[in-house]
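Colleague: I'm new to this one. Could you show it to me and then let me pester you about the words you use?

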Amino acid sequence: MRAMSTPAPSSYYQRHIFFCLNERKSGEESCARHDAQRGFDHCKARVKAAGLAGPGKVRVNKAGCLDRCAGGPVAVVYPEGVWYTFVDEADIDEIVEAHLGRGEVVQRLLLPPNVGR
Ligand code: FES
């Protein structure tokens, strides 16, 4: 079994983080209502500034609804499949430095497993 910080041999990126930026027009909870765009923009800038961006390293991507809206804003890191929720830029900094940079899961920001739409 591979360690969590070891990418699959064929991976183009070592890690991929997807941010839901969806806004649900129905008035239901959605990540866009909780400043998801700001978290995404900050993550992208921090990954680039840290020299983590690019092939063999990290890719930061926008996503549509990931169907876990009640915990929004949410982001998920692959290949580990670790789900996060965040409040501010300091939270994003911690995800970038610990998980994207060193492969260490940020326990305090984990999205509880039972959170769905
Ligand atoms: S709106 Fe973000 S997970 Fe659904």
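Colleague: How many positive and negative side chains does the protein chain have, and how far apart do the centres of the two sets lie?

Modeller: There are 16 positive and 14 negative side chains, and the two centres lie 7 Å apart. Lys and Arg count as positive, Asp and Glu as negative, while His and the chain ends are not counted. Each charge is placed at NZ of Lys, CZ of Arg, CG of Asp or CD of Glu. Keep in mind that this is a predicted model, where local features need pLDDT of at least 70, side-chain atom pairs count only at pLDDT 80 or more, and totals for chains, interfaces and linings use all residues. Residues are numbered from 1 along each chain as its sequence is written, and side-chain values use heavy atoms, with hydrogens and water left out.

Colleague: What is the pattern of the protein chain, read along the sequence?

Modeller: The pattern is β-α-β-β-β-α, made of two helices and four strands. Those are DSSP runs numbered from the N terminus: H or I over at least four residues for a helix, E over at least two for a strand.

Colleague: Why does the radius of gyration of the protein chain agree with a compact globule?

Modeller: The rule is 2.2 Å times the number of residues to the power 0.38, with the radius taken over C-alpha atoms. For 117 residues that gives a value near 13 Å, and the protein chain has 14 Å, so the two agree. The C-alpha atoms fill a box of roughly 40 × 30 × 25 Å along the principal axes.

Colleague: What makes R108 and D91 a salt bridge?

Modeller: The definition asks for a side-chain nitrogen of Lys or Arg within 4 Å of a carboxyl oxygen of Asp or Glu. R108 and D91 come to 2.7 Å, N to O, so the pair qualifies under that cut-off. This pair links distant parts of the chain: D91 sits in helix α2 and R108 in the segment after α2 (89–102), 17 residues apart.

Colleague: Why is R108 called exposed, and is D91 buried or exposed?

Modeller: Buried means under 20% relative accessible area, exposed over 50%, partly exposed in between (1.4 Å probe, protein chains only). R108 has 53%, so R108 is exposed. D91 has 6%, so D91 is buried. Elsewhere, salt bridges that share partners join R46, D93 and E97 into one network. The whole structure holds ten salt bridges.

Colleague: How do you know that K25 and E23 form a salt bridge?

Modeller: Their closest N and O atoms are 3.8 Å apart, so they pass the same kind of check. K25 is exposed at 74%, whereas E23 is partly exposed at 42%.

Colleague: What is the phi of D35, and where is D35 placed?

Modeller: Phi of D35 is near 65°, a positive value in a residue other than glycine. D35 is in the loop between β1 (15–20) and α1 (36–49). D35 also forms a salt bridge with R38, the closest N and O atoms being 3.1 Å apart. D67 has a positive phi too, about 70°, and lies in the loop between β2 and β3. Most residues other than glycine have a negative phi, and most peptide bonds are trans.

Colleague: Which residues does a cis peptide bond with omega of about 5° join?

Modeller: That bond joins G72 and P73, with P73 in the loop between β2 (58–63) and β3 (74–78). Another cis bond joins Y78 and P79, with omega about 20°. P79 lies in the loop between β3 and β4 (82–85).
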